[in-house]
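Visitor: I am new to reading protein models, and I would like to go through one slowly with you. Could we look at it together, one feature at a time?

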Amino acid sequence: MQVALSTEGEGSGVRLFVVGSSGRTGRLVVQQALERGHRVTAFTRRPEAVTSTHPRLDVVRGDGLVAADLAAVAGHDAVISIVAPSDLKPTTLAERVTRNLVQVMGRTGVDRLVVTSSHALVATKPRLALALVRLALRHVYADARNMERVVRDSGLDWRIVRANRLVDKPAVGSVVRMPDGHDFTGGANELTRADLAATLLDVVADDSLTRQAIEVTGARRRS
């Protein structure tokens, strides 16, 4: 299913808590959320790396591995979490941050959680390329699987967005979405970070997507 992404200025002005807000995708989520009229808290270990400035933006220094730091989530309507390790070594980063988030959200009454994951976890083709990628990223994917399990067991109003191959290119403006575990029908074999950011904001606002995982890739560019 191809989906056109929301345009600037749309949105309900919700209070969003963004974990991983200083990363390449996180910075775009913060920027686009502000453009849609939301109030945003950028939670990050590196406040200096948050490049946006706005009256509706609060930047909070904290570490997702420290549950007490995440108490800042209180009072928000939803959380978008974009957490991934920075190397290929064995890791439990995404799982531990998400476990802390789930616990703190439960205590503070914040119910809606959107997390990013990888389509490679469930894809079935192309087989050879997938086998090579899964071997190279086996530790990252093991962490992502465990993170997804924490989310599914949480009892929250969760959504998992599994992105296809991410690239740093200009936005296409639309994406192809498939249900949990499906290969893509149509679309491109890549997804821009800008289009992923827009998708995350669309998904967090969509009441019909509660407790669903969604596969997302980019739409084909028009020539």
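Visitor: Which helices and strands are included in what covers the buried residues of H4?

Guide: Please keep in mind from the start that this is a predicted model. To read the packing of a helix, we list its buried residues and then see which elements touch them. The cover of the buried residues of H4 includes helix H2 (93-108) and helix H3 (127-136), together with strand E6 (112-118) and strand E7 (157-163). The buried residues themselves are Val140, Tyr141, Asp143, Ala144, Met147, Glu148, Val150 and Val151.

Visitor: Why do residues three or four places apart in a helix point the same way?

Guide: An α-helix has 3.6 residues a turn, so residues at that spacing come round to the same direction. In H4, Tyr141, Ala144 and Glu148 are among the buried residues.

Visitor: What span is expected for H4, and what does the model give?

Guide: Helix H4 covers residues 138-152, which makes 15 residues, and from its first C-alpha to its last it reaches 21 Å, close to the 21 Å expected at 1.5 Å a residue. Helix H1 can be read in the same manner: its 12 residues, 24-35, should span 16 Å, and its end C-alpha atoms lie 17 Å apart, which agrees.

Visitor: Which elements do the buried residues of H1 pack against?

Guide: They pack against strands E2 (15-19), E3 (39-44), E4 (57-61), E5 (78-81) and E8 (166-167), and also against helix H5 (193-205). The residues in question are Thr25, Gly26, Val29, Val30, Gln32, Ala33 and Leu34. Just after H1 comes Gly37, whose phi is positive, about 95°.

Visitor: Where else is there a positive phi, in a residue that is not a glycine?

Guide: Arg211 has one, of about 55°, although it is not a glycine. Arg211 is placed in the loop between H5 and strand E11 (212-218), and with a relative accessibility of 47% it counts as partly exposed.

Visitor: Which two residues are joined by a cis peptide bond?

Guide: To recognise such a bond we look at the angle omega, and for the bond that joins Lys125 and Pro126 omega is about -5°. Pro126 belongs to the loop between E6 and H3.

Visitor: Is Ser117 buried or exposed?

Guide: We decide by relative accessible area, where under 20% means buried and over 50% means exposed. Ser117, which lies in strand E6, has a value of 12% and is therefore buried. Leaving aside neighbours within four places in sequence, Ser117 is in contact with Ala144, Met147, Glu148, Ile160, Val161, Arg162 and Ala163. By contrast, Thr185 is exposed at 61%, in the loop between strand E9 (174-179) and strand E10 (191-192). With near neighbours in sequence, those within four places, again left aside, Thr185 is in contact with Val176 and Met178.

Visitor: How many helices and strands does the protein chain have, taken as a whole?

Guide: The chain has 5 helices and 11 strands. Its radius of gyration is 16 Å, close to the 17 Å that the globule rule gives for 223 residues, so the chain is as compact as a globular protein of that length. Buried residues make up 49% of those 223 residues. Finally, among contacts between residues at least 6 apart in sequence, 73% join residues at least 24 apart.

Notes:
Residues are numbered from 1 along each chain as its sequence is written. This is a predicted model: local features need pLDDT of at least 70, side-chain atom pairs count only at pLDDT 80 or more; totals for chains, interfaces and linings use all residues. Side-chain values use heavy atoms; hydrogens and water are left out. Helices (H or I, at least four residues) and strands (E, at least two) are DSSP runs, numbered from the N terminus. The radius of gyration is taken over C-alpha atoms; the globule rule is 2.2 Å times the number of residues to the power 0.38. Buried means under 20% relative accessible area, exposed over 50%, partly exposed in between (1.4 Å probe, protein chains only). Contact means heavy atoms within 4.5 Å. The expected span of a helix is 1.5 Å times one less than its number of residues.
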